[in-house]
Amino acid sequence: MDEAFNAVYGELKRLARTQIRRSGGATLDTTALVHELYLKLAGSREAEGRAHFLNLAARAMRQILVDAARRRQAARHGGGQSALTLERVDPGLDQDAVEVLALEQALDRLRVGQPRMARVVELRWFAGAEFAEIAAILEVTERTVYRDWLAARALLAESLGAPSR
């Protein structure tokens, strides 16, 4: 795992920058995300090539970003303190954390009915993998990956209540 990590360290840092920008991960910087990724993957089994390693990295990076969003949201809502009922929305709510958590829940729902589509989104969005790389990982054609990407985006946009692009 160390060898695979070292071989793609620069690419992982680039992906981490992209993911932090997308997720509003103000509590994590690029190096911290990559190092947390390393710690998460250090105990796992050996990667069976670059594609397999990127697959593992995508899933782990997604989990790290979602956990960070949950921590930010919990801290904004008083952590372990008892909840208060308010009539209006808290103006200090971290919208980026809410969006990451909403995406995570929508992906979980997509995974139930369309697991391959959910993997395509995970690899494309969280790992920044190209369609050809995703096709190799999932052992399908690049065209299939592209169709899954378009369909998944539409389903996720509908689930999130936003127009698809």
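**A salt-bridge network across helices α5 and α6**

In the predicted model, D108 and R111 both belong to helix α5, which spans residues 95-113, and they stand 3 residues apart, a spacing of about one turn of the helix. Their side chains meet in a salt bridge, with a distance of 2.7 Å from N to O. Neither partner is classed as buried: D108 is partly exposed, with a relative accessible area of 34%, and R111 is likewise partly exposed, at 28%.

R111 also takes part in a second salt bridge, formed with E122, in which the closest N and O atoms are 3.8 Å apart. Because E122 lies in helix α6 (residues 115-126) whereas R111 lies in helix α5, this pair ties together parts of the chain that are 11 residues apart in sequence. The two partners of this bridge differ in their surroundings, since the relative accessible area of E122 is 1%, which places E122 in the buried class, while R111 is partly exposed.

Within helix α6, a further salt bridge joins the side chains of R119 and E122, for which the model gives an N to O distance of 1.7 Å. R119 and E122 are 3 residues apart in helix α6, again about one turn of the helix, and both of these residues are buried. Through shared partners, the salt bridges join D108, R111, R119 and E122 into one network. Along this network, the partly exposed D108 is paired with R111, R111 is paired with E122, and E122 is paired in turn with the buried R119.

The salt bridges described above belong to a total of 6 in the structure. The chain that carries them contains 8 helices and 0 strands, so that, under the criteria by which helices and strands are assigned, the order of elements from the N terminus on reads α-α-α-α-α-α-α-α.

With respect to the chain as a whole, 39% of its 165 residues count as buried, a class to which E122 and R119 belong. Among the contacts in the chain with a separation of 6 or more, 64% are accounted for by residues 24 or more positions apart. The accessible surface of the chain comes to about 9600 Å², and 51% of that surface belongs to carbon and sulfur atoms.

Key. Residues numbered from 1 in each chain as written. Predicted model: local features only at pLDDT ≥ 70, side-chain atom pairs only at ≥ 80, totals over all residues. Heavy atoms only, no water. Salt bridge = Lys/Arg side-chain N within 4 Å of Asp/Glu carboxyl O. Helix = DSSP H or I, 4+ residues; strand = E, 2+ residues; numbered from the N terminus. Buried < 20%, exposed > 50% of the residue type's maximum accessible area, 1.4 Å probe, protein only. Contact = heavy atoms within 4.5 Å. Areas by Shrake-Rupley, 256 points an atom, 1.4 Å probe, with all protein chains shown as cover.
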